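Student: Please take me through one part of this structure closely, and then show how it fits into what surrounds it. How are the helices there set against each other?

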Amino acid sequence: MPRTLFDKIWDFHLVGQRADGRDLLYIDRHVLHELHAHHAFTQLGKQGRPIPRPDLTFAVQDHTVATKAGRNDDTNPSGTAFLRAMREGTRKNGIKLFDIDDPDQGISHVVAPELGIVLPGATHAVPDSHASTVGGLGALAFGCGTSEMTHILATQVIAMKKPKRMRARLDGGLGAHVSAKDVALRLIAELGVAGARGHVVEYAGSAVRGMPIEQRMTLCNLNIEMGGRSGFVAPDETTFKWLAGRPYLPQGAEWDRALAHWRTLATDDDASFDREVTLDCGALEPQITWGTDPSQVVGISGRVPEPAALDASRRAAAEGAFAYMDLKPGTPLAGLPVNRVFIGSCTNARLPDLEVAAAVVRGRKVADGVVALVVPGSSTVKRQAEAKGLDRVFREAGFAWGESGCSMCAGGNGDRGEPGERCVSTTNRNFENRQGPKVRTHLASPATAAATAIVGRIADVRQLARGAA
Amino acid sequence: MQPFTRHTAVAAPLLKDDMNTDQIAPVLHSRGLKEDYKAMLFYRARRRDDGSEDPDFVLNKPQFRNAGILVTGNNFGAGSSRESAVWSMIANDIRVIVAKSFADIYRENCLQNGVLPVVLAPEDADAFIARVVKVNGDGPFTVDLVSQRISGPGGPDIAFEIAAADRTRLLEGLDDIGLTLKHMGDIKQWEERAAAAQPWLQTARDARQQQGGAS
């Protein structure tokens, strides 16, 4: 019987079925972060339960780390206890920690791929809803809660019912200055914030095949914003080329053997999905959110929608969003004055994201009154960017250049906006109060965020690039 | 885990779709390892801009202050995987959430903590919401997981469906890890098979250290 790639990965990793009917799925790689891991260490310690596979488990400090130069445990006082508990818990349990001062430190979803901890066809879990970012390399990744994380630590399996199969076929060539972020926002706008609930999404089609790995990761990162349980792109030569030489991958003859297997990882031609959706990306313009959930999206030349134009089920949420965002229906997005721009997060802080933003910023100045911050997704990305002089480009333009971490995505490290500020952000959630109380967040691509910082108003990067803004 | 059999409490209507975990359990600026989950629940929604209590928020209304059943719309618990969004319910004695649908991770987090997530069909949900609004806290509802029924003022009993496995787990308060540990033999066998078929899955070593140091 023809199978999807999701079926194949699932079937291979199926350990058995529990008495209560749940499947036990083996987790090949488990990556922890400091915000939640301490609960598990404490609980397992109390129960006297060992962690059988610390060698397949990794840990990062990302959610609470300060981004200021010369940072330490105390730079963000509300993070200190978390950082120390993580250090202690990983030491006791023999788990490799990429600590605050480690050259490999960074956001888990950025660090695990760049070190080769993520493998095509492997299963992966992180106690964070953006776990499926690493699906960009063809891994099946699950975000999980604290109890599930504790369960995986104690057993190396996750107990779950098999989700349904969904394929999102994204076709067409992306226009200039249009990227995976714009594609993902458009898809979420079309399907809604619960559009993929209960499903594992395989992203396919010519637009996806044409994306470099970093953009595939952006696409898979936003899978949870339409409610998907996981999301991935089947690996191809782009994937293998990107992976080659990364330190935690199999080496030598074992690499050859792995590669031969990875080349077989694909959905069978006549496999069926529970649901199929398509999106033509050929005519897509840069996208931006206007509201307070990631489905409230328009093209950069668009306007805040009239309630009458919205599906009835979306009107109540829209009314609340108009008030919170201080926007009236019919207002054009482009031209709205902004106070703050943030380029960073597991969504858009890999090296090519920063290169795209730097190309927009180069030789220009951040508009007066705009606070602009770039936070690389990992310390490795930061070093690579500095080697290319990108930090200088950003700093000379008036951006602040931070140490790696989650930073303003959820403000867990104290990097936040001020009440009432309008912020264009390359992150994944525009929820109310997320980037600080009363902060009004607009999600967009790094290119759009960079152009906005320069213009001081929400900007169409294509116009800025043509010198017309 | 605390078993769940039945829960009798006032039902509060929170008439919104897509309530996300940032709303349910906001990340507060100053925090520590031991957080105040009771205060965390809807921390911002409960307050006006000046920090004072918002009398219009449903759980601040006198008749709903001790509500133990939350009745809400579609896709409840969207957003982050933070389990504090369920712990904060328990800290406020809310042990049942009746919704049109739940976000996947949030629903799982409920099951892990002995909170009953009840999904009603859209028409049943609409009727129940209308009833809860009309009852307006005047008398408790009972949600019985044994009989899979909701009873209370203002109408007949309502039957609800839940997967048998999820029901058993809540009724018995099963130790989830304990259940899986019975399969440690299967897990070890799987590891042996994987080590032969795809050995790279069973080792994760930093090649830089292997090159640099003694093996």
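Tutor: In chain A, helices α2 and α5 lie oblique to each other, because the angle between α2(A) and α5(A) is about 55°, and oblique covers what is left once angles under 35 degrees, 65 to 115 degrees and over 145 degrees are set aside. This is a predicted model. The axes of α2(A) and α5(A) are 9 Å apart, and their crossing is right-handed. On the α2(A) side, the contact is made by A:His36, A:His39, A:Ala40, A:Gln43 and A:Leu44. On the α5(A) side, it is made by A:Thr146, A:Met149, A:Thr150, A:Leu153 and A:Ala154. Sorted by class, the residues of this contact are five nonpolar and five polar, with no charged ones.

Helix α2 of chain A, residues 34-47, also packs against helix α3 of chain A, residues 80-93. Here the angle is about 50° and the axes are 9 Å apart, which makes α2(A) oblique to α3(A). The crossing of α2(A) past α3(A) is left-handed, whereas that of α2(A) and α5(A) is right-handed. From α2(A), the residues that meet α3(A) are A:Glu34, A:Leu35, A:Ala37, A:His38 and A:Phe41. Their counterparts in α3(A) are A:Phe82, A:Leu83, A:Ala85, A:Met86, A:Gly89 and A:Asn93. This contact has seven nonpolar residues, three polar ones and one charged one.

The partners of α2(A) lead on to the second chain. Chain A gives 61 residues to the contact between the chains, and chain B gives 50. Among the elements that each supply at least two residues to the side of chain A that touches chain B are α3 and α5 (146-155) of chain A. The largest share of that side, six residues, belongs to α5(A). By class, the side of chain A that touches chain B has 25 nonpolar, 20 polar and 16 charged residues.

The strands β1, β2 and β8 of chain A also each supply at least two residues to the side of chain A that touches chain B. These three strands make up an open sheet in the order β1-β2-β8, with antiparallel pairing. Strands β1 (14-17) and β8 (157-160) of chain A are the edges: each has a single partner strand, so one side of each has no neighbour in the sheet. From one strand to the next, the twist averages 25°. Strand β2 of chain A, residues 23-26, pairs with β8(A) in the antiparallel sense through four bridges. Across this pairing, A:Leu24 stands opposite A:Ala159 in β8(A).

Next, the wider layout of chain A. The domain assignment splits this chain into domain 1 (5-262) and domain 2 (287-465). The centres of the two domains, taken over C-alpha atoms, are separated by 24 Å. In the contact between them, 42 residues of domain 1 of chain A touch 36 residues of domain 2 of chain A. On the domain 1 side, the elements giving two or more residues are α4 (108-115), α6 (180-191) and α8 (213-221) of chain A. Of these, α6(A) provides the largest share, six residues. The classes on that side are 16 nonpolar, 16 polar and 10 charged.

One more helix pair in chain A makes a useful contrast with the one we began with. Helix α12 of chain A, residues 351-361, packs against helix α15 of chain A, residues 446-455, at about 30°, with the axes 8 Å apart. These two helices are therefore roughly parallel, and their crossing is right-handed. The contact joins A:Asp353, A:Val356, A:Ala357, A:Val360 and A:Val361 of α12(A) to A:Pro446, A:Ala447, A:Ala449, A:Ala450, A:Ala451 and A:Ile454 of α15(A). Its residues are 10 nonpolar and one charged, with no polar ones. In the contact of α2(A) with α5(A), by comparison, there are five nonpolar and five polar residues.

How values were computed
Residues are numbered from 1 along each chain as its sequence is written. Chains are lettered from A and ligands numbered from 1 in the order in which they are written. This is a predicted model: local features need pLDDT of at least 70, side-chain atom pairs count only at pLDDT 80 or more; totals for chains, interfaces and linings use all residues. Axes are lines fitted to C-alpha atoms, for helices over the stretch in contact, and angles run from 0 to 180 degrees between N-to-C directions. A crossing is left-handed if the near helix is turned anticlockwise from the far one by less than a right angle, and right-handed if clockwise. Two residues are in contact if their C-beta atoms, placed from the backbone, lie within 7 Å. Ala, Val, Leu, Ile, Met, Phe, Trp, Tyr, Cys and Pro count as nonpolar, Asp, Glu, Lys and Arg as charged, and the others, Gly among them, as polar. Domain bounds come from an automatic or database domain assignment. Two strands pair if DSSP finds at least two bridges between them.
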